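These are my notebook entries on a structure that I looked up. I set down in order what I checked.

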Amino acid sequence: MEPISTITGKAVVLPVENIDTDQIIPARFLKVTDKSGLAAGLFEAWRYLPDGAPNPDFPLNRPEAAGATILISGRNFGCGSSREHAPWALQDYGFRAVIAPSFADIFRSNALKIGLLPVTIEQAIYDELVAMYANDPQMALSIDLAAQTVTLPDGRQVNFPIDAFSKYCLLHGVDQLGFLLNQAEAITAYEASHPQPVKTTG
Amino acid sequence: MSKPRTLFEKVWDAHLVRPETPETPAVLYIDLHLIHEVTSPQAFTELRQRGLRVRRPDKTLGTMDHSTPTTPRNHLGIIPVIDPMAISQLEQLRKNCAEFGIPLFELGDENQGIVHVIGPEQGLTQPGMTIVCGDSHTSTHGAFGALAFGIGTSEVGHVLATQCLLQRKPKTCAVRIDGRLGPGVTAKDIILALIAKYGVGGGTGYVFEYMGEAIRSLSMEERMTICNMSIEGGARAGMVAPDDTTFEYIAGRPFAPKGADFEAAVARWRTLPTDEGAVFDHELTLSASELKPMITYGTNPGMGIPIDAPVPRPEDMPDARSRAALDKALAYMGLEPGKPLLGHPVDVVFIGSCTNSRLSDLRQAAQFFRGRKVAPGVRVMVVPGSQQVKRAAEAEGLDRIFKEAGAEWREAGCSACLGMNDDKVPPGKYAVSTSNRNFEGRQGPGARTMLASPLTAAATAVTGVVTDPRTLMN
Ligand code: SF4
């Protein structure tokens with residue numbers, strides 16, 4: 001995983017609440033056995049018209065959105081299915097961070113694991129960003145992970161929360177499995193001292 | 001005396017390999033890891049790349065359910081798979097399980113089925129356990145007083161390699177459901193009403209514990225229906241304290257403890273319920289006695305109404321944001337605000353999914369098909385949750401009731417719940433579905449889903465229009 005320190009880039013606003021992972025990537029794109037090519041299915045039903053042509057009204061399809069690396073969306077982003085294909089698809093498309101007033105638990109956890117930064121901001125700041133974007137669709141933002149701040153287009157800085165462990169892993173580009181593998185002794189001790197309720201092998 | 005604890009806290013504490021600190025999350029031990037074809041292949045790839053083995057194949061079980069067809073067996077007794085990508089995904093799971101020594105209920109196996117149906121059915125799901133799966137409806141298993149939740153594929157890899165997960169302790173929320181359900185009103189209506197009341201994000205960050213008179217009087221299968229949709233309320237997990245209903249359900253199942261071991265297990269399980277005086281971080285309430293059958297009109301499971309209520313009007317919404325969300329949902333659904341849903345024509349009825357595909361669900365649905373016909377022009381799919389459910393239903397003759405009425409009786413799997421296999425709702429068509437998600441396109445591109453109970457779905461199937469099941473009951 002690439003270390004993350006700051007993410008500076010163009011933002012695109014998708015002003016919808018409760019965007020579920022079936023919208024982010026529909027189930028029929030989940031038949032892959034690797035992580036490649038998922039960008040093609042990102043927001044597929046909204047990005048394309050029924051005849052397959054790109055929907056010119058969809059924010060990601062507007063010319064100003066080309067090259068955007070930060071997605072801004074309404075509250076409870078990523079609800080629904082636990083599919084990690086959702087953050088994979090966002091990352092594959094080129095997004096490095098998602099900013100929203102709140103995230104569904106599993107999406108947030110999945111995104112942190114793969115280095116797609118979920119940034120929670122207050123609803124009022126979100127509303128302001130939506131308004132700013134309406135005036136300037138080229139709007140750029142800067143996210144500083146170490147300082148846990150977002151610099152808004154007007155220069156103001158707002159803070160965002162992240163747990164210390166995820167922050168450390170993202171800043172240093174280490175993945176969480178390594179930490180767990182180092183717990184082997186404690187895990188063995190746990191197994192030796194606790195009852196084993198079921199054995200699937202019979 | 002030690003501090004009173006909730007059910008959740010007891011299970012959490014008992015599985016701590018390492019408690020959380022300000023700097024690091026807790027290391028939580030996992031007793032049972034269920035895997036399926038869709039969310040596991042990339043985790044096995046990761047394992048191979050790092051040269052890791054599966055730490056506890058004996059605490060892992062695979063099944064095939066999501067991308068599998070549910071078309072009837074051919075003359076050779078085989079369920080044919082024709083989609084090449086699904087074939088490769090199923091093949092991959094078979095290979096991964098064989099290589100790492102993980103037991104697998106594959107397509108065609110007498111125990112195959114939806115992952116959340118087979119765990120309880122086999123007696124693998126027991127009180128006090130931690131259970132995970134790369135699937136958000138793992139919350140279903142919480143009905144037994146287990147801590148069960150969905151995880152992503154990276155975490156599937158973590159559990160395969162270490163049998164542990166890194167977790168921050170969630171907050172607890174008591175969900176008190178008092179009163180008793182009236183006739184024609186079911187567990188599905190309880191959970192749809194709860195989500196309609198508190199919204200799809202209402203449970204974010206919490207583990208629900210369902211309690212109260214209404215919950216106590218429910219069967220295990222009904223409790224599973226409720227816990228299943230905890231995730232639709234935003235909660236990762238939902239739990240019910242184990243009681244005699246739980247123990248009776250588990251007794252005698254293939255993986256349940258036997259004889260003296262069972263008695264010892266029951267004695268342990270009896271210590272799990274929340275202690276008198278334990279404190280929850282939050283509380284939600286609902287009265288079961290006042291409930292009517294529920295149905296959804298929109299594009300998330302929180303957009304639900306009593307079946308005889310009109311579709312909400314944007315001008316009745318409290319703020320601009322919910323007005324915009326309602327406008328968007330009604331445009332997708334092609335529904336008019338202020339109009340009743342009762343009597344609205346329906347094209348497809350789907351009875352199945354990990355929410356409502358167990359034997360009691362099928363029995364409930366069958367009562368409206370007996371001696372009646374599916375309404376002309378309506379396609380009805382009845383899909384048992386597992387091969388075991390299918391056989392049990394056939395032993396009672398339920399399959400004949402469905403087939404004689406003109407419904408399709410299919411093989412076990414997720415089927416039309418998620419639009420990933422061949423069972424789909426066509427674009428623009430209306431479905432009444434016993435599944436758990438009515439998101440745009442969930443049941444196929446352009447599909448318009450209305451979630452409801454098996455009773456409501458069956459009543460709708462025989463009339464062809466959205467129907468209050470109470471009107472068909474004598
Ligand atoms: S039946 Fe539907 S919700 Fe349940 S596991 Fe299958 S796809 Fe998921």
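The entries below cover the domains, the ligand site and the nonpolar cores.

Entry 1, domains. I noted at the outset that the model is predicted. I looked up how chain B is divided and found domain 1 (7-167), domain 2 (171-242 + 266-290) and domain 3 (297-472). For domain 1 and domain 3 of chain B, I recorded C-alpha centres 28 Å apart. Their contact draws on 26 residues from domain 1 of chain B and 24 residues from domain 3 of chain B.

Entry 2, ligand site. Which cavity does the ligand take up? I found that the ligand occupies the space of the largest cavity. I then listed the residues around the ligand, among them His66(B), His116(B), Asp135(B), His137(B), Cys354(B), Cys414(B), Cys417(B), Asn436(B) and Arg442(B). Ile114(B), Ser353(B) and Leu418(B) are also around the ligand. Sorted by class, the shell holds five nonpolar, five polar and two charged residues. I placed the ligand between domain 1 (7-167) and domain 3 (297-472) of chain B, because both give residues to its shell.

Entry 3, nonpolar cores. Which members of the largest nonpolar core touch the most other members? Of its 112 residues, they are Phe43(A), Leu90(A) and Phe369(B). Domain 1 (7-167) and domain 3 (297-472) of chain B both give residues to this core, so I recorded the core as lying between them. I followed Phe369(B) further: leaving out residues up to four places away in sequence, Phe369(B) touches Ile351(B), Val374(B), Val380(B), Ile401(B), Phe402(B), Ala405(B), Ala407(B), Ala458(B), Ala461(B) and Val462(B). Apart from this core I noted another, of 77 residues, including Phe8(B), Leu192(B), Leu291(B) and Leu451(B).

Technical notes: Residues are numbered from 1 along each chain as its sequence is written. Chains are lettered from A and ligands numbered from 1 in the order in which they are written. This is a predicted model: local features need pLDDT of at least 70, side-chain atom pairs count only at pLDDT 80 or more; totals for chains, interfaces and linings use all residues. Side-chain values use heavy atoms; hydrogens and water are left out. A residue is near a molecule or strand if one of its heavy atoms lies within 4 Å of it. On a 1 Å grid over the protein atoms alone, a cavity is a set of points where a 1.4 Å probe fits but cannot get out, and a pocket is an open set with protein on both sides within 12 Å along at least five of seven lines; lining residues have an atom within 4 Å of a point. A molecule sits in a cavity or pocket if more than half of its atoms lie within 2 Å of its grid points. Ala, Val, Leu, Ile, Met, Phe, Trp, Tyr, Cys and Pro count as nonpolar, Asp, Glu, Lys and Arg as charged, and the others, Gly among them, as polar. Domain bounds come from an automatic or database domain assignment. A nonpolar core is a set of buried Ala, Val, Leu, Ile, Met, Phe, Trp, Tyr and Cys residues joined through side-chain atoms within 4.5 Å. Buried means under 20% relative accessible area, exposed over 50%, partly exposed in between (1.4 Å probe, protein chains only). Contact means heavy atoms within 4.5 Å.
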